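Dear colleague,

Please find below the structure that I am handing over to you, together with its sequence. My notes on what was found follow directly after it.

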Amino acid sequence: MITSQLRGRGSKPIPITKIAKVFLQNPHKLTPISPPTQSHQNPCAPLSHTQNPLWVLQSCDYSTQSSKFPEYEMPSVTWGVVQGRKEKLVSRVIICDYLKSIGIVPDELENLELPSTVEVMRERVEFLQKLGLSIDDINEYPLMLGCSVRKNIIPVLAYLEKIGIQRSKLGEFVKNYPQVLHASVVVELVPVIKFLRGLDVEKLDIGYVLQKYPELLGYKLEGTMSTSVAYLVSIGVTPRDIGPMVTQYPYLLGMRVGTVIKPFVDYLVSLGLPKKILARMLEKRAYLLGYDLEETVKPNVDCLVAFGIRREALASIVAQYPQILGQPLKAKMSSQQFFFSMKLKIDPEGFARVIEKMPQIVSLHQHVIMKPVEFLLGRGIPSEDVAKMVVKCPQLLTLRVELMKNSYYFFKSEMGRPVKELVEFPEYFTYSLESRIKPRYQRLQSKGIRCSLKWFLNCSDQRFEERLQGEYIETEISGPSFCMGGKLELPGVGNEMVSDEEDESDDEILYRRTVSL
């Protein structure tokens, strides 16, 4: 009989879980419980242990009296409640055995309320598997088994699909962020979506944002998300650009201001970068905030200095090419410096000047660099002069050879000038042949003016007209410096930037712009 199995030796108490397992393993040995024999003298006569094999479950711990023989104890007033607990315990053992049989480790479910029957648990497991989760995925976060299919899982998934996450990707979403199954749609999910819409995140982009960073659904609105947005606006980020920034890099909403964003901003400002410029950089490239300050940004800045970059040029380098802060810079700089020394005959100091003027060079493929260099060498220009041209105007290395050919042939056949002028003013190749070089040269010819390339090309249209109206040719003092994108910074006019891209075709603009890396 089971009663003999449950007694054990001596009076040592037997664990409840062991009792439940014995019952489950020997269900055919259970003796039906007969109703107790009652009389007017003793209406509550207890069952003997031969009639009631569950006598051991009615231990003295649950009785209102103490006695030497627990089988003769009176049931307490909480007898029904205690019995319910025992039934739950038996169900828990059955469910845990089922989970183990399919490969799920139930250890983390010890303090979790499980369903009343194994059928309900089987339904949950099968639903999650149909969603696309494997047993390994469930083992990564077994607490998801505590979510009711009808009360938790289906409402959450239906809402996620409603806000733009495709049904075919719901399984992947739950894998990445299974905690969402515990969330209340009304109390937790809806407020986050309203917050994102309030930041001008487009409705069609909500699903994309959440798939990139599903943990957003677990943040409190009045905490990290609000403070990070407020700080970015305080340094000059335009409020209407917050939405596109979040769409591009939603992780910024989870960054703490005091430990991540503010130290990053303060460091770049300490390099000489104005906050206004920094704000424009972050609007276009919000992912810069993800660069680790101590592990990546500071070592990269130190690397630039070690390769001969002047500290006063650091701010300009970061403004031109912010991505340089997050690259494996030491390896790239070493490789490019060696290449420039061996192939272009440019010494380390010249290489540093090239990086200051065009930091994108560190990421430019060497075969791309060689194409314009080989073109210039093929025109009979000595390698020493080509090296000087590259140091003076590194943008030459990003130009399309086809456009360089057209400009060179016009220079030789129509203008008839010596190659020496190209060495002195290599920026000639960066101007559009059709929209600037030809029209201005023809105006000079009609006026009978003979001048340098720099005098008639390196100025705005208005300035060029003023020069044509003058009765003398200005002395070429310290002239404008060539900047990225074909823009010119004129001396004596503050920091005014002049550009003549309005009338250019897309190809011509691409011709003069630096290749985006």
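Helix H12 passes helix H13 in a right-handed crossing. Please bear in mind from the outset that this is a predicted model.

**Helices H12 and H13**

H12 covers residues 257–270 and H13 covers residues 275–284; their axes come within 10 Å and cross at roughly 130 degrees. That angle makes H12 oblique to H13. On the H12 side, the contact is made by Phe264, Val265, Leu268 and Val269, and on the H13 side by Lys275, Leu278 and Leu282. By character, the residues of this contact divide into 6 nonpolar, no polar and 1 charged.

**Helices H14 and H16**

A second pair is formed by helix H14 (residues 293–306) and helix H16 (residues 329–343), whose axes come within 9 Å and cross at roughly 20 degrees. H14 and H16 are therefore roughly parallel to each other, because angles under 35 degrees count as such. The crossing of H14 and H16 is right-handed. Asn300, Cys303 and Leu304 in H14 meet Leu329, Lys330 and Met333 in H16. The residues of this contact divide into 4 nonpolar, 1 polar and 1 charged. One of the H14 residues in the contact, Cys303, counts as buried, with a relative accessibility of 8%.

**Helix H17 and its surroundings**

Helix H17 (348–357) comes after H16, and the loop between H16 and H17 holds Lys345. Lys345 has a positive phi of about 60 degrees although it is not a glycine. With 57% relative accessibility, Lys345 counts as exposed. H17, by contrast, is mostly covered, as 7 of its 10 residues are buried. These buried residues are Gly350, Phe351, Ala352, Arg353, Val354, Ile355 and Glu356. Their cover includes helix H15 (314–320), H16 and helix H19 (383–392).

**Another residue with a positive phi**

Where does Asp200 lie? Asp200 is found in the loop between helix H8 (185–198) and helix H9 (206–212). Its phi is near 75 degrees, a positive value in a residue other than glycine. Such values deserve a mention because most residues other than glycine have a negative phi. Asp200 counts as partly exposed, at 42% relative accessibility.

**Asn406 in helix H20**

Asn406 lies in helix H20, which covers residues 401–415. The relative accessibility of Asn406 is 43%, so this residue counts as partly exposed. Asn406 and Leu433 are 27 residues apart along the chain, and their C-alpha atoms are separated by 7.7 Å.

**Cysteines**

How many disulfides does the model contain? The count comes to 0 disulfides. Cys451 serves as an example: the closest cysteine sulfur to its own is that of Cys459, 9.1 Å away, which is too far for a bond, because a disulfide needs a pair of cysteine sulfur atoms within 2.5 Å. Cys451 is buried, with a relative accessible area of 8%.

As you go through the structure, the two helix pairs may be a convenient place to begin: H12 with H13, where the crossing is oblique, and H14 with H16, where the helices are roughly parallel. From H16 you can then follow the chain through the loop that holds Lys345 to H17, a mostly covered helix.

With kind regards

How values were computed:
Residues are numbered from 1 along each chain as its sequence is written. This is a predicted model: local features need pLDDT of at least 70, side-chain atom pairs count only at pLDDT 80 or more; totals for chains, interfaces and linings use all residues. Side-chain values use heavy atoms; hydrogens and water are left out. Buried means under 20% relative accessible area, exposed over 50%, partly exposed in between (1.4 Å probe, protein chains only). Axes are lines fitted to C-alpha atoms, for helices over the stretch in contact, and angles run from 0 to 180 degrees between N-to-C directions. Helices (H or I, at least four residues) and strands (E, at least two) are DSSP runs, numbered from the N terminus. Angles under 35 degrees count as roughly parallel, over 145 as roughly antiparallel, 65 to 115 as roughly perpendicular and the rest as oblique. A crossing is left-handed if the near helix is turned anticlockwise from the far one by less than a right angle, and right-handed if clockwise. Contact means heavy atoms within 4.5 Å. Ala, Val, Leu, Ile, Met, Phe, Trp, Tyr, Cys and Pro count as nonpolar, Asp, Glu, Lys and Arg as charged, and the others, Gly among them, as polar.
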